[in-house]
Amino acid sequence: MGNDRLTRQELSWLLAQEARGAAQSLRHGVTALSVQPPSIQPSVNPAPSLPEVAILGAAPGGVETTLDALDDAIALLSDLQSTPSRRGRIDLAALLCDVAPEARISLHHLGLAPGAGTEVFGDEAALRRMLQVLVTQGQAQLAEAPELEIRRDGSEVRITVVLGPDAQALGSTEQRWLSRMATRHGGRLELDGGTQSLMLPADSSAEELGELRRELEQAQQLGEVYARELAAAFSAGDLPRTSASPAAPRQDLAPLVAMARTLARPLRELFTSLRHLSEAEPGGPLEGPVSTGYELIGELSRLAALDTSAGETQLDLSTVAAAAVEQAGARAARHAVKLELEAEGGPTLSSRGEPLTLLIRALLDHAIAATPAGGAVQLRVEASARRITVQDGGPAIPSASWAELASGAVDPASMGRPSGSWLLVASALAADLGASLTLEEGAAFELSLSWR
């Protein structure tokens with residue numbers, strides 16, 4: 001690599017930055033002088049006063065107006081010198097090998113995988129130019145290859161170059177430019193004896209992503225533990241049941257509502273951070289899990305907001321079913337599943353509207369998850385028979401296995417059904433509303449919700 005010198009544009013940018021610093025220092029000095037209290041002169045032997053000098057052509061607003069004009073000129077000069085370039089995560093180790101292929105480069109990863117830990121976030125063209133100038137300063141003669149070292153040092157990436165015996169002859173302009181550019185990227189330039197080091201803040205998105213993934217795994221494990229404990233309690237009949245009044249919530253629904261209220265907020269905070277990382281990399285591996293996570297948060301939030309103390313009213317099953325289908329429309333569209341509603345009018349039903357809507361929504365969400373893309377979910381309402389059926393495009397299971405599936409005693413994936421809490425919630429809501437949720441025997445998976 002030749003002994004590259006700074007270009008005219010780079011020198012202009014450096015001079016503009018130094019002019020900005022000088023203007024700021026001058027402004028601070030003028031401000032300090034303007035607010036300085038007048039000194040008390042002794043009354044004896046006063047010094048002769050100097051004649052006043054008038055400056056012709058001074059700005060009407062004084063020195064501060066002139067400094068404002070200087071700041072505006074420097075800002076305009078900086079804007080003219082800025083050129084758009086690609087910004088993003090840049091691997092400095094790979095970029096250094098590309099800039100100086102003949103150099104002797106020592107890579108230290110401190111236990112990290114090769115090629116990891118040396119990423120920074122910044123402007124690719126600016127970082128490449130900084131490395132070129134840094135490598136050039138490490139060349140004592142044109143025939144010699146520079147010695148470089150790049151390593152991850154805490155939260156920084158450090159690139160160190162060994163200066164040659166002519167280090168004293170190096171131009172200070174390049175070092176000043178490197179220092180300014182390092183500060184612009186949130187780093188710094190250090191000169192220690194015969195070495196010069198450029199430190200830049202490392203991109204921590206990979207570490208944050210790993211930490212968030214570990215938190216997500218812990219949250220999933222916690223949810224599985226809660227589900228197994230609740231399923232064991234349901235199977236053993238340990239949960240007390242009360243039938244004091246229709247408005248009073250059953251005790252088998254209360255643990256689910258409490259669990260939803262406990263998990264909704266921390267999961268929302270977790271997936272909010274994951275969503276920010278996913279938005280930074282559209283189409284990346286996080287996009288699908290983040291979408292699934294927000295669907296889970298929506299389910300928990302609806303259950304957490306359930307008012308279990310509301311009284312019964314006269315409800316039209318067709319109207320309630322239509323409202324649930326409308327709410328599930330967005331999820332069905334994301335999964336490319338069609339919702340079909342067949343409803344017949346009839347007498348009203350005495351029940352609680354919010355739990356019933358949530359019950360139908362849970363059945364629809366389970367059916368959408370079980371149906372392949374391009375399939376359809378059928379919801380039929382027989383108001384005269386006080387009966388609602390939901391049929392999906394997933395695999396059917398024997399009716400003898402329905403009790404274990406509904407209570408969460410078995411893994412739904414072992415039967416080809418989607419994993420989730422929909423059926424557990426639907427079963428608890430059906431029992432709370434005094435309804436019966438059964439699996440119809442047949443070639444398709446069809447659930448029937450009916451009132452006696």
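Residues are termed buried when the relative accessible area is under 20%, exposed when it is over 50%, and partly exposed in between. On this scale Ala336, with a relative accessible area of 42%, is partly exposed. The structure described here is a predicted model. Ala336 occupies the loop between helix 10 (329-334) and strand 9, and although this residue is not a glycine, its phi is positive, at about 55 degrees. A second non-glycine residue with a positive phi is Arg386, for which the value is near 50 degrees. Arg386 is placed in the loop between strand 11 and strand 12 and, with a relative accessibility of 28%, also counts as partly exposed.

In overall composition, the protein contains 13 helices and 14 strands. Of its 452 residues, 37% are buried. Among contacts with a separation of 6 or more, 75% are accounted for by residues 24 or more positions apart.

Five strands form an open sheet with mixed pairing, in the order 9-11-12-14-13. The edge positions are held by strand 9 (338-344) and strand 13 (436-440); each has a single partner strand, so one side of each is left without a neighbour in the sheet. Averaged over the sheet and with direction ignored, neighbouring strands are turned by 15 degrees against each other.

At the strand 13 edge, strand 13 and strand 14 form a hairpin, with five residues between the two strands. Their pairing is antiparallel and extends over five bridges, strand 14 comprising residues 446-450. Within this pairing, Leu437 stands opposite Leu449 of strand 14, and Leu439 has Leu447 of strand 14 as its bridge partner. In a regular strand, side chains alternate between the two faces of the sheet. For strand 13, the covered face consists of Leu437 and Leu439, whereas Ser436, Thr438 and Glu440 make up the uncovered face. The two leucines of the covered face are thus placed opposite leucines of strand 14, Leu437 facing Leu449 and Leu439 facing Leu447.

Two helices that lie across strands of this sheet were examined. Helix 9 (residues 317-327) lies across strand 9, strand 11 (376-382) and strand 12 (387-391), and runs at about 170 degrees to strand 9. Ser318 belongs to helix 9 and, at 14% relative accessibility, counts as buried. Apart from neighbours within four places in sequence, Ser318 is in contact with Ala343, Glu344, Gly345 and Val381. Of these contacts, Ala343 and Glu344 fall within the residue range of strand 9, and Val381 falls within that of strand 11.

Helix 11 lies across strand 9, strand 11, strand 12, strand 13 and strand 14, and runs at about 150 degrees to strand 11. Leu364, located in helix 11, is buried, with a relative accessible area of 1%. When residues up to four places away in sequence are not counted, Leu364 touches Ala324, Val325, Ala328, Val377, Leu379 and Val390. Among these contacts of Leu364, Ala324 and Val325 lie within the range of helix 9, Val377 and Leu379 within that of strand 11, and Val390 within that of strand 12. The C-alpha atom of Leu364 is separated by 9.7 Å from that of Gly329, a residue 35 positions away along the chain.

Helix 11 also meets helix 8. Two packed helices are described by the angle between their axes and the distance between the axes. The axes of helix 8 (residues 287-304) and helix 11 (residues 353-370) come within 11 Å and cross at roughly 165 degrees. Angles over 145 degrees count as roughly antiparallel, and helix 8 and helix 11 are therefore roughly antiparallel to each other. The crossing of helix 8 past helix 11 is left-handed. Helix 8 contributes Glu299, Arg302 and Leu303 to the contact, and helix 11 contributes Leu358, Arg361 and Asp365. Classified by residue type, the contact has four charged and two nonpolar residues, with no polar residues.

How values were computed:
Residues are numbered from 1 along each chain as its sequence is written. This is a predicted model: local features need pLDDT of at least 70, side-chain atom pairs count only at pLDDT 80 or more; totals for chains, interfaces and linings use all residues. Side-chain values use heavy atoms; hydrogens and water are left out. Axes are lines fitted to C-alpha atoms, for helices over the stretch in contact, and angles run from 0 to 180 degrees between N-to-C directions. Helices (H or I, at least four residues) and strands (E, at least two) are DSSP runs, numbered from the N terminus. Angles under 35 degrees count as roughly parallel, over 145 as roughly antiparallel, 65 to 115 as roughly perpendicular and the rest as oblique. A crossing is left-handed if the near helix is turned anticlockwise from the far one by less than a right angle, and right-handed if clockwise. Contact means heavy atoms within 4.5 Å. Ala, Val, Leu, Ile, Met, Phe, Trp, Tyr, Cys and Pro count as nonpolar, Asp, Glu, Lys and Arg as charged, and the others, Gly among them, as polar. Two strands pair if DSSP finds at least two bridges between them. Buried means under 20% relative accessible area, exposed over 50%, partly exposed in between (1.4 Å probe, protein chains only).
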